[in-house]
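Subject: Structure handover

Hi,

Here is the structure I promised to pass on. Please open it next to this message. My notes follow below.

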Amino acid sequence: MSPIVREYYRVPREDRGVYIRPPPRELPALVERNRRLLASWTFEFAGGPLSEFYAAARRELLGLALTFARDRALACDEATDAGPVIVTGHQPGLFHPGVWIKNFLASALARAVGGTALNLSVDNDEAAGLVLRFPVREGGADDPPGAVAEEVRMAEVRLADVGPALAYEEVSVRSLRQQAAEEVRAALAPGPMADAFRRWWRLLAEAAPRAANLREALVVARRRLEEACGTRNLELPVSRLADGEAFRLFVAEMLRRHEELFAAHNESLAEYRRVYRERSAAQPVPDLAREGARIEMPFWVWRAGEARRRLWVEPADDARAPLATASLRQAGGLNGLTLFAETEEMGTIDVRARRGSGGGPADVEQLAALRQAGWKIRPRALTLTLFARLAVGDVFIHGLGGALYDKITDGIFERLFGVRPPEIVLASCTVRLPVEAYPSTPRDLEAARRRVRDWRFNPDRLLSGADRSRAEATALIDEKWRLIREREATRDGRSRAWRRIRAINESLAALAPDGCRAAAEDLARVERELKWNAILQNREYPICFYPAEELAEFYRDVTSI
């Protein structure tokens with residue numbers, strides 16, 4: 001049976017609307033089902049039983065997360081690899097409340113099942129979200145809601161100066177624009193938004209001097225807010241995960257099985273497109289490419305300070321092996337795979353199951369040597385969730401967009417490993433900013449448009465009793481309805497009648513010019529207010545403009561297990 005089932009997930013539109021699937025009360029049972037499923041897997045991975053790889057990977061990654069927390073004095077609960085691990089993750093940029101709910105749900109579920117909550121900070125993604133967006137009401141700021149202000153607009157302030165196509169982990173903390181705080185403060189009126197931003201900026205400024213990069217400063221500032229709200233999840237940057245031994249073993253296994261991975265990836269994409277009737281070859285992600293003997297792998301690769309590039313591999317012979325494998329060549333040949341960053345050759349690894357000079361798998365040692373030479377190999381979205389669900393957590397909590405992507409991961413799971421993948425959890429919400437909106441509604445817009453239309457085509461319906469009783473109006477109304485009842489037989493006759501009816505309507509409307517003008521002005525007001533409300537009520541403003549404790553109280557209510 002296909003693992004990809006066609007489903008659509010609707011982001012809540014109403015303020016404080018929540019989407020969690022399965023419902024929170026059912027999640028402990030889901031954790032237990034997944035743990036039984038993981039324990040039933042008996043296939044080999046990375047040269048041994050999956051259970052050995054899984055246990056070692058969890059110990060290592062939880063240890064890395066604990067070290068990250070202790071080095072930055074982040075409050076966290078002690079973790080044990082024996083208990084359930086609830087994983088979620090997102091880019092470290094400026095995300096909205098619909099994303100942040102995942103961290104609080106992970107915390108609530110971990111407490112309910114006696115486990116550990118772990119957030120993966122996806123700093124290998126392109127740093128594209130470093131802009132502070134927020135609504136500004138200019139002119140008439142002291143007016144009550146509903147008054148005609150001069151303008152409501154969405155302001156944008158760059159948080160950092162970032163080069164093109166750089167990953168978050170490559171963005172220096174020196175790129176932080178100190179003037180960004182003043183630009184935001186100058187635009188915001190006093191109130192809850194300004195207070196929330198001032199608090200967040202203070203935490204960011206405190207974290208920045210000791211941070212290795214801007215990503216780390218952003219993570220620490222967010223974690224300080226979470227601590228104040230009683231949430232103590234572990235945090236692990238994907239860059240640290242990817243430099244660990246477990247992920248290197250995972251990469252080596254995927255490279256050994258590069259043709260299988262290539263096929264599983266593209267076949268799962270094709271299945272997704274077929275099930276969802278997606279015609280674009282670029283959606284939801286492009287296929288891996290093949291150029292002769294070279295094939296693309298679902299990993300990023302780059303060196304410090306560089307833009308991300310795609311990883312390609314090509315079979316190689318002994319002559320192309322790097323110095324790192326010279327001893328292996330002397331020991332009896334090499335089944336090599338040459339790695340490329342796009343077209344730049346990185347080196348060659350031995351993908352046979354053999355031991356290197358250090359006693360570990362030869363290809364893993366060679367991947368470590370490439371890292372020592374400056375090359376960073378990082379997962380893409382699908383390989384990150386494949387690794388996380390295979391080796392890190394018992395449950396992965398996704399947003400609604402990530403859940404659609406992960407259907408492709410489900411397909412890769414079944415094709416590569418021949419097993420049913422563990423279940424995931426979906427979570428999102430909509431929370432509006434603490435600003436008062438204008439009173440107009442879509443129904444008001446419909447009514448205002450109808451009134452303007454009636455003044456054009458049916459002014460006799462809108463005239464006051466006094467205006468209708470005027471002799472001129474009575475004659476015009478009688479003539480109009482006679483022309484409507486006595487439909488002309490010829491096209492020319494109907495055309496003359498239509499022109500006369502239009503002239504009559506104009507004459508009737510002219511009897512009450514204030515009514516026509518008021519209807520037009522009311523329509524313009526409603527349209528303006530709805531346009532402004534679309535800005536004020538946008539759900540994707542970053543959490544730094546929300547009072548953190550109010551958000552946390554809402555999250556606790558809706559994630560209660």
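In which hand, left or right, does helix 17 pass helix 18? The crossing is left-handed. Before you read on, please note that this is a predicted model.

**Helices 17 and 18**

Helix 17 covers residues 471-485, and helix 18 covers residues 491-510. Their axes come within 10 Å and cross at roughly 155 degrees. An angle over 145 degrees counts as roughly antiparallel, so helix 17 is roughly antiparallel to helix 18. Helix 17 brings A473, L476, I477, E479, K480, L483 and I484 to the contact. Helix 18 meets them with A497, R500, I501, I504, N505, S507 and L508. By class, this contact has 9 nonpolar, 2 polar and 3 charged residues.

**The chain overall**

The chain has 20 helices and 16 strands. Its radius of gyration is 31 Å, well over the 24 Å that the globule rule gives for 561 residues, so the chain is more spread out than a compact globule. Along its principal axes, the C-alpha trace spans about 110 × 60 × 45 Å.

**The six-stranded sheet**

One open sheet has 6 strands in the order 1-16-15-4-5-8, and the pairing is mixed. Strand 1 (17-21) and strand 8 (234-237) are the edge strands, and each pairs on one side only. On average, neighbouring strands in this sheet are turned by 20 degrees against each other, direction ignored.

Look inside the sheet at strand 4 (residues 85-90) and strand 15 (residues 395-398). They run parallel and are joined by 3 bridges. I86 has V395 of strand 15 as its bridge partner.

**Helices on the sheet**

Helix 12 (residues 381-392) packs on the sheet. It touches strand 4, strand 5, strand 15 and strand 16. The direction of helix 12 makes about 145 degrees with that of strand 15.

Helix 3 (residues 97-113) lies across strand 1, strand 4, strand 5 (116-121), strand 15 and strand 16 (424-430). Helix 3 runs at about 130 degrees to strand 16.

**Helices 12 and 13**

Helix 12 also meets helix 13 (residues 400-417). The two axes come within 9 Å and cross at roughly 60 degrees. Here the crossing is right-handed. From helix 12, the contact takes L382, T385, L386, R389 and L390. From helix 13, it takes Y405, D406, I408, T409, D410, I412, F413, L416 and F417. The class count for this contact is 9 nonpolar, 2 polar and 3 charged residues.

**Backbone details**

Three spots in loops are worth a look.

- R21 to P22: this peptide bond is cis, with omega near -5 degrees. P22 lies in the loop between strand 1 and helix 1 (27-40).
- Q283 to P284: a cis peptide bond joins these two, and omega is about -10 degrees. P284 sits in the loop between helix 9 (258-276) and strand 9 (290-291).
- A165: its phi is positive, about 65 degrees, although the residue is not a glycine. A165 is in the loop between strand 7 (151-158) and helix 4 (179-187).

Best wishes

Definitions and conventions: Residues numbered from 1 in each chain as written. Predicted model: local features only at pLDDT ≥ 70, side-chain atom pairs only at ≥ 80, totals over all residues. Heavy atoms only, no water. Pairing = 2+ DSSP bridges. Helix = DSSP H or I, 4+ residues; strand = E, 2+ residues; numbered from the N terminus. Axes fitted to C-alpha atoms, helices over the stretch in contact; angles between N-to-C directions. Contact = heavy atoms within 4.5 Å. Parallel < 35°, antiparallel > 145°, perpendicular 65-115°, else oblique. Left-handed = near helix turned anticlockwise from the far one by under 90°. Nonpolar A, V, L, I, M, F, W, Y, C, P; charged D, E, K, R; others polar. Rg over C-alpha atoms; globule rule 2.2 N^0.38 Å.
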